[in-house]
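Got the viewer open and a selection box ready? Here is a short walk, one pick at a time.

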Amino acid sequence: MNTLSCYQHLNDNFLRNCTNFVVYLQVKYVPGVCFRPITPITVLIHITVMKDFDEIIKSSTPTLVDFFGTWCGPCRMQAPILERVKEKIGDNGTIIKIDVDRNRELAARFHVQSVPTLIMFRNGEAVWRAVGVQQADVLESKFHDLG
């Protein structure tokens with residue numbers, strides 16, 4: 001199986017539900033097999049249309065947005081924590097990662113001045129915000145409180 005067909009196989013259902021998104025999976029290469037997701041729930045979404053972001057955060061399901069920089073050490077520490085949180089909350093919440101260098105307008109709109117900045121939305125409104133690395137138990141409790 002080549003890399004592209006492996007990627008399509010892993011993401012077909014997800015991609016059918018996305019419009020105007022560029023979707024990246026964190027993957028590791030398994031020699032002779034294909035690229036495999038580190039975990040199937042780790043999806044980094046680069047929003048290309050502001051309207052898409054607005055639609056996502058308007059959900060009644062809590063949505064945690066991680067504004068991060070690829071060059072940021074604390075942001076790299078936050079990533080595996082978010083993976084663990086997503087495993088625990090399942091479909092009771094959404095976690096989105098926004099690269100501030102690729103989405104400057106979005107970062108400015110929410111006054112993101114430091115990374116990582118995490119903002120939790122529900123029904124389109126920011127209901128919680130934190131700057132710096134947040135531990136899994138704190139994030140899980142926020143999802144539980146809002147779920």
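Strands here are DSSP runs of E at least two residues long, numbered from the N terminus. One thing to keep in mind as you click around: this is a predicted model.

**Stop one: the sheet.** Select β5, β6, β7 and β8 together. The four strands make an open sheet, ordered β6-β5-β7-β8, with mixed pairing. At the edges you'll find β6 and β8; each has a single partner strand, so one side of each has no neighbour in the sheet. From one strand to the next, the twist averages 20 degrees. Now hide everything but β5 and β7: this pair is antiparallel, with five bridges.

**Stop two: Thr117.** Which strand holds this residue? Thr117 sits in β7, and Phe67 stands opposite it. Is Thr117 buried or exposed? With a relative accessible area of 1%, Thr117 falls under the 20% cut-off, so it counts as buried. Show its contacts, leaving out residues up to four places away in sequence, and you should light up Val65, Asp66, Phe67, Val112, Arg129, Ala130 and Val131. Then add Ser114: its backbone oxygen is 2.4 Å from a polar atom of the Thr117 side chain.

**Stop three: α3.** Select residues 73-89. This helix lies across β5, β6 and β7, and runs at about 160 degrees to β6. Put a distance label between the first and last C-alpha of α3: its 17 residues reach 25 Å, close to the 24 Å expected at 1.5 Å a residue. Colour the buried residues next; among them are Cys75, Ala79, Leu82, Val85 and Ile89, but Gln78, Glu83 and Lys86 are buried too. The cover over the buried residues of α3 includes β5, β6, β7 and α5. Step just past the helix and you land on Gly90, which has a positive phi, near 55 degrees.

**Stop four: α5.** Select residues 136-146. Which residues of this helix are buried? Pick Ala136, Leu139, Phe143 and Leu146. They share one side of α5 because they cover an arc of only 110 degrees around the axis. Spin to the face turned away from that buried side, and you meet the exposed residues Asp137, His144 and Asp145. To finish, bring back what the buried residues of α5 pack against: β5, α3, β6, β7 and β8.

Definitions and conventions
Residues are numbered from 1 along each chain as its sequence is written. This is a predicted model: local features need pLDDT of at least 70, side-chain atom pairs count only at pLDDT 80 or more; totals for chains, interfaces and linings use all residues. Side-chain values use heavy atoms; hydrogens and water are left out. Buried means under 20% relative accessible area, exposed over 50%, partly exposed in between (1.4 Å probe, protein chains only). The arc is that of the directions from the helix axis to the C-beta atoms. Contact means heavy atoms within 4.5 Å. A polar contact is a pair of N or O atoms within 3.5 Å; within protein, one must be able to donate a hydrogen and the other to accept it, and residues adjacent in sequence count only if both atoms are side-chain atoms. The expected span of a helix is 1.5 Å times one less than its number of residues. Two strands pair if DSSP finds at least two bridges between them. Axes are lines fitted to C-alpha atoms, for helices over the stretch in contact, and angles run from 0 to 180 degrees between N-to-C directions.
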